[in-house]
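Colleague: I am new to this structure and should be grateful for a close look at a single part of it, namely the place where the chains meet. Please describe that part step by step.

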Amino acid sequence: MSDIAKKQAEWQPKIIAFLCNWCSYAGADLAGVSRYQYPPSLRIVRVPCSGRVSANMILDALRSGADGVLVSGCHPGDCHYISGNYYARRRFAVLKRFLEFVGIEPDRVNFSWISASEGEQFAEVATEVTERVKKLGPARHLVKEF
Amino acid sequence: MTTANERITQELRQRARQLLESGQVAAFVGYTSGSMPMVMQPFVARTPEETDRLEWNSFCVLNLANYLPALLKSLEPPRRPGDPPPEGPLPKVGVVATGCWSRNMVVQIQENQVQRERLVIIGISSRGMVDRKKVLGLVGHADVTSVKEDDNSLLVKGPGLEQEINRWDVIRDNCACCVHPDPVIFDHMIGDLKGERKLGERFKQVEEIENMSVQARWEWFTSEIDSCIRCYACRNACPLCYCPTCFVDDSRPQWVGKSIEPVDTAIFHIIRAYHCAGRCTDCGSCESACPMGIRMRILTKKLQKDVLELYGTEAGMSLDTPLPLSTYKLDDPQDFVLTESLKGEKK
Ligand code: SF4
Ligand code: SF4
Ligand code: SF4
Ligand code: FES
């Protein structure tokens with residue numbers, strides 16, 4: 001393996017994960033307790049509901065140097081606040097397309113539904129998102145140098 | 001012979017005068033001409049005499065809905081936060097509305113910024129407004145001292161300049177792709193309703209960009225906003241931007257830096273446009289207000305296109321349809337959700 005390829009393989013992206021307290025955060029916990037392996041690239045921010053996550057927050061993560069973002073909430077129908085994730089689903093669908101429109105790579109910003117019992121799925125998603133972001137390389141477009 | 005706009009002006013003055021004289025409204029919002037050709041000035045008439053200053057032409061580019069929330073508030077008796085609302089009907093405001101402006105009023109009513117019963121809306125089916133920057137481009141940015149309008153042409157004059165321009169060549173981009181010229185709510189109409197326009201290439205400007213590669217899109221976006229001076233005229237001209245504290249002014253957290261550093265300018269434009277998702281009527285006020293000629297309207301047009309594609313609704317078409325992003329359906333599309341698309345792959 002060449003030096004560059006090695007470096008690339010070793011590079012761990014920084015991914016900000018906004019996880020809903022009631023499902024995905026507990027799912028992440030379960031993944032840990034059950035000792036499922038996943039890359040150490042996620043920085044978790046616990047939020048009360050996926051509906052709490054605004055476009056401002058996602059962009060703030062990117063601006064602060066995140067290579068990727070994951071927002072994860074309860075499955076539709078399971079939101080602790082009944083409908084938070086239904087509203088969030090519309091907002092994120094539109095936001096994701098919009099960010100792609102202005103030239104942000106589709107795989108940088110990701111969304112998922114993971115319940116409290118889905119530890120394995122959490123590990124899978126964490127691995128998948130990390131792989132996708134790794135392929136893209138470090139984020140540059142919206143990163144502010146302080 | 002009088003032109004269509006002259007006839008509208010006459011009728012507008014009459015209607016506004018009558019509304020003010022009879023005491024039905026306390027103020028009437030329209031346009032008057034300013035000191036520069038091709039720049040019209042929003043104008044609030046408060047006495048019957050002042051209505052003689054009202055004017056209507058192809059340069060009424062700023063959305064008058066923008067002035068309603070503050071104007072209505074200013075007409076209420078003063079009260080402290082927590083005081084009970086005043087009793088009895090509050091003073092009303094008369095306002096001119098084209099298709100898009102009326103749709104912005106619908107949005108404002110739905111968002112509780114404006115009360116329908118306090119508005120008397122004079123509807124005008126729009127023929128489209130002229131882009132002053134396009135006119136200046138056609139005359140080589142020469143000094144223009146007067147512009148005389150006919151129904152289909154403009155006579156532009158200045159020192160050593162006399163040029164006739166076809167009005168339809170210099171129509172604003174948003175007006176050229178507008179399909180709803182008729183007001184959706186009004187109390188009186190001036191002229192007739194025109195009906196929906198059929199337009200094959202309504203989203204052409206957006207599609208051209210969608211078809212580019214990711215990298216090319218980023219380059220387009222950054223070069224488009226490159227000259228932005230962050231004056232926020234685009235935000236101030238927009239009837240959706242009534243937030244007491246805009247995100248650009250927040251300091252904890254500070255979502256966006258205040259300088260014209262490219263990253264901050266990009267974030268400003270992304271968030272400003274996104275805040276208008278599902279609410280923007282493509283009135284073009286933002287773009288017309290920009291001193292730098294930035295075409296930031298394409299961003300909100302993209303959002304309008306996606307919302308229509310995904311949820312089948314457009315902002316402000318009727319008071320009874322909730323705004324697309326403040327409602328949901330159980331089976332809204334979710335193929336963008338990673339866990340859903342992975343499920344699909346596994347199957
Ligand atoms: S840009 Fe957003 S935060 Fe600022 S005034 Fe408009 S809607 Fe409000
Ligand atoms: S974003 Fe621009 S086009 Fe849309 S409503 Fe506001 S001013 Fe009009
Ligand atoms: S009006 Fe134009 S220059 Fe001013 S902030 Fe908006 S895009 Fe930038
Ligand atoms: S509580 Fe988990 S998405 Fe709303």
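Modeller: A convenient point of entry is helix α9(B), which gives the most to the lining of the largest pocket, with 3 residues. Please bear in mind throughout that this is a predicted model.

The pocket has a volume of about 540 Å³. Its lining comprises 22 residues, and those nearest its centre are C243(B), Y274(B), H275(B), A277(B) and R279(B). Two elements give two or more residues to this lining: α3 of chain A, and α9 (262–275) of chain B. Elements of chain A and chain B are thus both represented in the lining of the largest pocket. By residue class, the lining divides into 10 nonpolar, 6 polar and 6 charged residues.

Helix α9 of chain B also takes part in a link between the chains. D264(B) forms a salt bridge with K144(A), and the closest N and O atoms of the pair are 2.4 Å apart. Because D264(B) lies in helix α9 of chain B, while K144(A) lies in the segment after α5 of chain A, the pair joins two chains. As a general point, side chains of opposite charge can pair when their charged atoms come close. Across the interface of chain A and chain B there are 6 salt bridges, while the structure holds 31 over all chains.

The interface itself may now be considered as a whole. Chain A contributes 43 residues to the contact and chain B contributes 54 residues. The area buried between the two chains is about 4,300 Å², and carbon and sulfur atoms give 66% of that area. On the side of chain A, the residues that lose the most area to chain B are R90(A), F98(A) and F101(A), which together account for 21% of what that side buries. In addition, 18 residue pairs are in polar contact between chain A and chain B, with both residues at pLDDT 80 or more.

Which elements of chain A give two or more residues to the side that touches chain B? They are α3 (55–63), α4 (84–101), β4 (109–113) and α5 (119–136). Helix α4(A) supplies the largest share of that side, 15 residues. The residues on this side of chain A divide into 23 nonpolar, 6 polar and 14 charged. Helix α3 of chain A therefore deserves a second look, as an element that gives two or more residues to the side touching chain B and two or more to the lining of the largest pocket.

Returning to chain B, the loop between α8 (233–236) and α9 contains P253(B). A cis peptide bond joins R252(B) and P253(B), with omega about 0 degrees.

Enclosed space is a separate matter from the pocket. Rolling a probe the size of a water molecule over the atoms shows where empty space is left. A search of the whole structure finds 8 cavities of 30 Å³ or more. The largest cavity holds about 100 Å³ of space. Of the 14 residues that line the largest cavity, C238(B), L240(B), C280(B), C283(B) and C286(B) are the closest to its centre. The cavity lining divides into 7 nonpolar, 5 polar and 2 charged residues.

Methods:
Residues numbered from 1 in each chain as written. Chains lettered and ligands numbered in written order. Predicted model: local features only at pLDDT ≥ 70, side-chain atom pairs only at ≥ 80, totals over all residues. Heavy atoms only, no water. Contact = heavy atoms within 4.5 Å. Buried area = accessible area lost by both parts, 1.4 Å probe. Salt bridge = Lys/Arg side-chain N within 4 Å of Asp/Glu carboxyl O. Polar contact = N/O pair within 3.5 Å; in protein donor to acceptor, adjacent residues only side chain to side chain. Helix = DSSP H or I, 4+ residues; strand = E, 2+ residues; numbered from the N terminus. Nonpolar A, V, L, I, M, F, W, Y, C, P; charged D, E, K, R; others polar. 1 Å grid on protein atoms, 1.4 Å probe; cavity = no way out; pocket = protein on both sides within 12 Å on 5 of 7 lines; lining within 4 Å. Points joined across faces, edges and corners; volume = space filled by probe spheres on them.
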